[in-house]
Amino acid sequence: MITVAPPAANPWDVADVASRALAVLRLDPADADALRVGEGAVLAVELVDELLDLRTAYPSAAAIPRAVVGAAVNLTVEDYRRKDAPFGLTDSWSADGAFLRLSADVYKGVRSQLQPFKDRRGMA
């Protein structure tokens with residue numbers, strides 16, 4: 001039986017991911033929701049590491065490609081905004097009056113952005 005090592009954990013600067021997400025959300029770092037954004041950043045970097053499935057981690061936070069960091073920021077923002085979508089329905093509207101539904105796939109918005117950096121491409 002072949003044993004596959006778990007994905008390598010990159011040396012993320014989680015505070016940088018959180019501060020970038022706060023900037024996108026236009027929230028002050030002293031805002032009451034800043035802690036929630038920080039927790040979302042921790043989750044986002046774990047999700048990105050899982051999707052990349054790297055054999056070896058990048059040597060430093062500065063070596064992580066901008067697109068990968070951007071994907072982590074986007075996941076952080078999406079995680080924060082999901083609180084405003086009970087039962088997966090956004091408070092947005094469309095021309096025909098239909099509700100906009102969030103995807104159950106949290107990677108949907110960043111999967112193509114991360115694909116060029118993915119290491120292992122197999123299935124479990």
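This report describes a predicted model of a protein chain, from its overall make-up to some of its residues.

## Overall make-up

The protein chain contains four helices and zero strands. Read from the N terminus, its elements follow the order α-α-α-α. The chain has 124 residues, and 35% of them count as buried.

The accessible surface of the chain is about 8100 Å², and carbon and sulfur atoms account for 58% of that area. Contacts can also be sorted by how far apart the two residues are in sequence. Among contacts between residues at least 6 apart, 77% join residues at least 24 apart.

## Helix α1

Helix α1 covers residues 14-25, which is twelve residues. At 1.5 Å a residue it should span 16 Å, and its end C-alpha atoms are 16 Å apart, so the expected and modelled values agree.

Which residues of α1 are buried? They are V17, A18, A21, L22 and L25. Seen down the axis of α1, the buried residues fall within an arc of 135°, so they line one face of the helix. These buried residues pack against α2 (34-52) and α3 (66-81). The face of α1 that is turned away from the buried side carries A15 and A23, which are exposed.

Helix α1 also holds a salt bridge between R20 and D16, in which the closest N and O atoms are 3.0 Å apart. R20 and D16 are four residues apart in α1, which means that about one helical turn separates them. R20 counts as partly exposed because its relative accessibility is 41%. D16, with a relative accessibility of 24%, also counts as partly exposed.

## Two residues with positive phi

Most residues other than glycine have a negative phi. Two exceptions are described here.

R26 comes just after α1 and is placed in the loop between α1 and α2. Phi of R26 is near 60°, a positive value in a residue other than glycine. Is R26 buried or exposed? Its relative accessibility is 76%, so R26 counts as exposed; the cut-off for exposed is over 50%.

D53 lies in the loop between α2 and α3. Phi of D53 is near 50°, again a positive value in a residue other than glycine. D53 has a relative accessibility of 18% and therefore counts as buried, since buried means under 20%.

## Salt bridges

How many salt bridges does a search of the whole structure find? The search finds four. One of them is the R20 and D16 pair in α1, described above.

Another salt bridge joins R120 to D53, with the closest N and O atoms 2.9 Å apart. R120 lies in the segment after α4 and D53 in the loop between α2 and α3, so this pair ties together parts that are 67 residues apart in sequence. R120 is buried, with a relative accessible area of 13%. D53 is buried as well, with a relative accessible area of 18%.

The side chains of E78 and R82 also meet in a salt bridge, at 2.8 Å from N to O. E78 counts as partly exposed because its relative accessibility is 26%. R82 has a relative accessibility of 25%, so R82 counts as partly exposed too.

## Q113 and its contacts

Q113 is placed in helix α4, which covers residues 111-114. With 25% relative accessibility, Q113 counts as partly exposed.

Which residues does Q113 touch, not counting residues up to four places away in sequence? Q113 touches A67, G70, A71 and N74. For one of these, A71, the separation along the chain is 42 residues, while the C-alpha atoms of Q113 and A71 are separated by 6.9 Å. With A67 there is a polar pair: a polar atom of the Q113 side chain lies 3.0 Å from the backbone oxygen of A67.

Key:
Residues numbered from 1 in each chain as written. Predicted model: local features only at pLDDT ≥ 70, side-chain atom pairs only at ≥ 80, totals over all residues. Heavy atoms only, no water. Helix = DSSP H or I, 4+ residues; strand = E, 2+ residues; numbered from the N terminus. Expected span 1.5 Å × (residues − 1). Buried < 20%, exposed > 50% of the residue type's maximum accessible area, 1.4 Å probe, protein only. Arc of directions from axis to C-beta. Contact = heavy atoms within 4.5 Å. Polar contact = N/O pair within 3.5 Å; in protein donor to acceptor, adjacent residues only side chain to side chain. Areas by Shrake-Rupley, 256 points an atom, 1.4 Å probe, with all protein chains shown as cover.
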